[in-house]
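Let's walk through this structure together, starting at its surface and then moving inside. Have the sequence and the 3D view at hand as you read.

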Amino acid sequence: MNYLSLGLAALGGTVASFAFGFLVLWLVPGLIKEAHKYPAVFRPKEEMMTVMPVGFGATFIAILVAAIIFAMAHQGGSGITGGARFGVLLGIFVVCAFVLHNYVNLNIGLKLALGQAVAYFVQWTIVGIVIGLIYKPLATP
């Protein structure tokens, strides 16, 4: 396993994840407006900012783990194709294990859950593509 490439892939995936997240918040303000309908579920913005470092760190660790899984499973071939396949699988996993699970457990509406599902699916697909583009295994002799 190429640890330098792995670290760069995790860093690149993290940057892509946050860039896409901020883009969604800017282009789809209705998603935030929808979340504001549930003040008992979501922290106020000011309080959320105080725990944001936990979110940054957790996101990096999650993407590092994803990059490790990619490195262990990637069979070679096109990095973008393998990364896209991997990202789609991650997206499906996150939607099912996180978003839809939260829809069942939290008192949020279907509109918010579906908006989150689309956003997270696309976000993790992009993360997978970035990991696939950056990660390069060590050359074998």
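A patch here is made of residues with over 30% relative accessible area and no salt bridge, and nonpolar side chains are joined into one patch within 5 Å. Keep in mind that this is a predicted model.

With that in hand, look for Leu11, Val15, Phe60, Ile61, Val65 and Ile69, which together make a nonpolar surface patch of about 520 Å². Which helices supply at least two residues each to the nonpolar patch? They are helix H1 (3-27) and helix H4 (52-73). H4 gives the largest share, with four residues. Ile61 is a good one to pick out: this residue is found in helix H4, and it counts as exposed because its relative accessible area is 53%, where the cut-off for exposed is over 50%.

Now turn to the interior. The largest nonpolar core has 14 residues, and those with the most contacts inside it are Ala66, Trp124, Ile131 and Tyr135. At least two residues of this core come from each of H1, H4, helix H5 (79-105) and helix H6 (110-134). H4 again deserves your attention, as it supplies the largest share of this core, five residues.

To see the packing around one member, centre your view on Trp124. Leaving aside residues up to four places away in sequence, Trp124 touches Ala62, Ile63, Ala66, Gly87, Leu90, Gly91 and Val94. Finally, there is a second, separate core of nine residues, among them Phe20, Val24, Leu31 and Ala113.

Notes. Residues are numbered from 1 along each chain as its sequence is written. This is a predicted model: local features need pLDDT of at least 70, side-chain atom pairs count only at pLDDT 80 or more; totals for chains, interfaces and linings use all residues. Side-chain values use heavy atoms; hydrogens and water are left out. Patches are made of residues with over 30% relative accessible area and no salt bridge: like charges are joined within 9 Å, nonpolar side chains (Val, Leu, Ile, Met, Phe, Trp, Tyr) within 5 Å. Accessible areas come from the Shrake-Rupley method with a 1.4 Å probe; for residues, only the protein chains shown count as cover. A salt bridge is a side-chain nitrogen of Lys or Arg within 4 Å of a carboxyl oxygen of Asp or Glu. Buried means under 20% relative accessible area, exposed over 50%, partly exposed in between (1.4 Å probe, protein chains only). A nonpolar core is a set of buried Ala, Val, Leu, Ile, Met, Phe, Trp, Tyr and Cys residues joined through side-chain atoms within 4.5 Å. Contact means heavy atoms within 4.5 Å.
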